[in-house]
Amino acid sequence: MSTVNLAGRFRSVRLPALSLLLAGALAVGLASPAQATPPNIPSASTALSELAALRVASEGSMTGYSRDKFPHWITISGACNTRETVLKRDGTNVVTDSSCAATSGRWYSPYDGATWTLASDVDIDHVVPLAEAWRSGASSWTTSRRQSFANDLGNPQLIAVTDNVNQSKGDQDPALWKPPLSGYWCTYAKMWTRSKYRWGLTVNSAEKSALQSMLGRC
């Protein structure tokens with residue numbers, strides 16, 4: 001009766017199997033964390049077409065501007081306002097209290113790659129800032145239209161990001177400010193372009209050039 005070297009056979013299959021297990025574990029470990037994903041982000045080709053359709057004009061005056069002319073955050077459902085709605089949309093395992101305030105959760109900011117577990121560390125960025133919109137055509141809108149823009153949940157105009165990164169952006173357009181993570185520039189440019197296109201806002205020449213360059217990274 002022949003003897004089968006089971007140990008040798010086991011060794012012959014163990015290493016490939018182990019390699020697969022290690023590869024899988026490594027892939028999980030290197031996987032990107034869940035990112036905030038606003039709706040209706042266009043493809044790069046669509047964004048380029050929409051950018052080409054935008055009217056190029058010098059920015060208007062800030063005369064008369066006030067954030068109060070863009071009422072936000074408004075009630076969206078029950079006790080939840082726009083900010084709280086975006087926090088729940090863009091976060092992971094978000095728990096809210098009876099007033100819809102986020103009491104726990106996890107938020108990954110795609111602008112800078114930081115992860116936060118306190119809602120107070122997270123801002124809801126207007127991708128196209130309110131003041132930028134004012135200079136690009138919103139100064140002539142009704143307050144009702146400005147309110148709709150400031151609370152736009154149907155387009156990629158609102159996103160949860162690190163608070164101090166949002167504050168460093170201020171009201172600057174992509175010619176003057178871009179997300180710290182250059183790997184996000186393509187997505188940022190697609191979101192910015194879609195919002196301006198959706199709302200019929202203008203772009204200045206430097207802004208358009210910056211967006212074209214960012215979309216070229218897609």
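Strands here are DSSP runs of E at least two residues long, and helices are DSSP runs of H or I at least four residues long, all numbered from the N terminus. What you're looking at is a predicted model. By that count, the protein chain has 8 helices and 7 strands.

**The overall picture**

The chain has 218 residues, and 39% of them count as buried. If you take the contacts with a separation of 6 or more, 73% come from residues 24 or more positions apart.

**Strand β6 and its partner**

Let's begin with β6, which covers residues 122-126. How many of its residues are buried? The count is 5 of 5, so β6 is largely enclosed by the rest of the structure; the cut-off behind that reasoning is a relative accessible area under 20%. The burial applies to both faces of the strand: Val-122, Ile-124 and His-126 sit on one side, Asp-123 and Asp-125 on the other, and all of them are buried. Note that the two aspartates, Asp-123 and Asp-125, share a face.

The pairing partner of β6 is β7, made of residues 158-162. The two strands run antiparallel and are joined by 5 bridges. One position to look at is His-126, which stands opposite Leu-158 of β7.

**The largest pocket**

His-126 comes up again in the largest pocket, which holds about 210 Å³ of space. The lining has 14 residues, and the closest to the pocket centre are Arg-67, His-126, Pro-129, Asn-166 and Gly-170. Three elements give two or more residues to this lining: β6, α4 (130-135) and α6 (163-169). Which of the elements gives the most? That's β6, with 3 residues. So what is the chemical mix of the lining? By class, there are 6 nonpolar, 4 polar and 4 charged residues.

As for how a space like this is found, rolling a probe the size of a water molecule over the atoms shows where empty space is left.

**An open sheet with a helix on it**

Elsewhere, 3 strands make up an open antiparallel sheet, in the order β3-β4-β5. Its edge strands are β3 (92-96) and β5 (115-116), each of which pairs on one side only. Helix α3 (residues 82-90) packs on this sheet, where α3 touches β3 and β4. The direction of α3 makes about 145 degrees with that of β3.

Inside the sheet, β4 (residues 102-108) and β5 run antiparallel and are linked by 2 bridges. A pair of tryptophans meets there: Trp-107 has Trp-116 in β5 as its bridge partner. As background, strands of a sheet pair through backbone hydrogen bonds, either parallel or antiparallel.

Ala-101 sits in the loop between β3 and β4. Setting aside its neighbours within four places in sequence, Ala-101 is in contact with Glu-84, Val-95 and Thr-96. Ala-101 also has a C-alpha to C-alpha distance of 7.9 Å to Cys-80, a residue 21 positions away in sequence.

**Backbone oddities**

Most residues other than glycine have a negative phi, and most peptide bonds are trans. Here are some spots to check against that. The peptide bond from His-72 to Trp-73 is cis, with omega near -5 degrees. Trp-73 belongs to the loop between α2 (44-53) and β1 (75-77).

Then there are two asparagines with positive phi. For Asn-40, phi is near 60 degrees, and this residue lies in the loop between α1 (6-30) and α2. For Asn-93, phi is near 55 degrees, and Asn-93 is placed in strand β3.

**Buried or exposed?**

Another residue to look up is Ser-195, which is found in helix α7 (residues 185-199). Apart from neighbours within four places in sequence, Ser-195 is in contact with Val-128, Phe-149 and Gln-157. The table puts Ser-195 next to some of the residues already met.

| Residue | State | Relative accessible area |
|---|---|---|
| Ser-195 | buried | 0% |
| Ala-101 | partly exposed | 26% |
| Asn-40 | partly exposed | 46% |
| Asn-93 | exposed | 66% |

Of the two positive-phi asparagines, then, Asn-40 is partly exposed, while Asn-93 is exposed.

Methods: Residues numbered from 1 in each chain as written. Predicted model: local features only at pLDDT ≥ 70, side-chain atom pairs only at ≥ 80, totals over all residues. Heavy atoms only, no water. Buried < 20%, exposed > 50% of the residue type's maximum accessible area, 1.4 Å probe, protein only. Pairing = 2+ DSSP bridges. Contact = heavy atoms within 4.5 Å. Axes fitted to C-alpha atoms, helices over the stretch in contact; angles between N-to-C directions. 1 Å grid on protein atoms, 1.4 Å probe; cavity = no way out; pocket = protein on both sides within 12 Å on 5 of 7 lines; lining within 4 Å. Points joined across faces, edges and corners; volume = space filled by probe spheres on them. Nonpolar A, V, L, I, M, F, W, Y, C, P; charged D, E, K, R; others polar.
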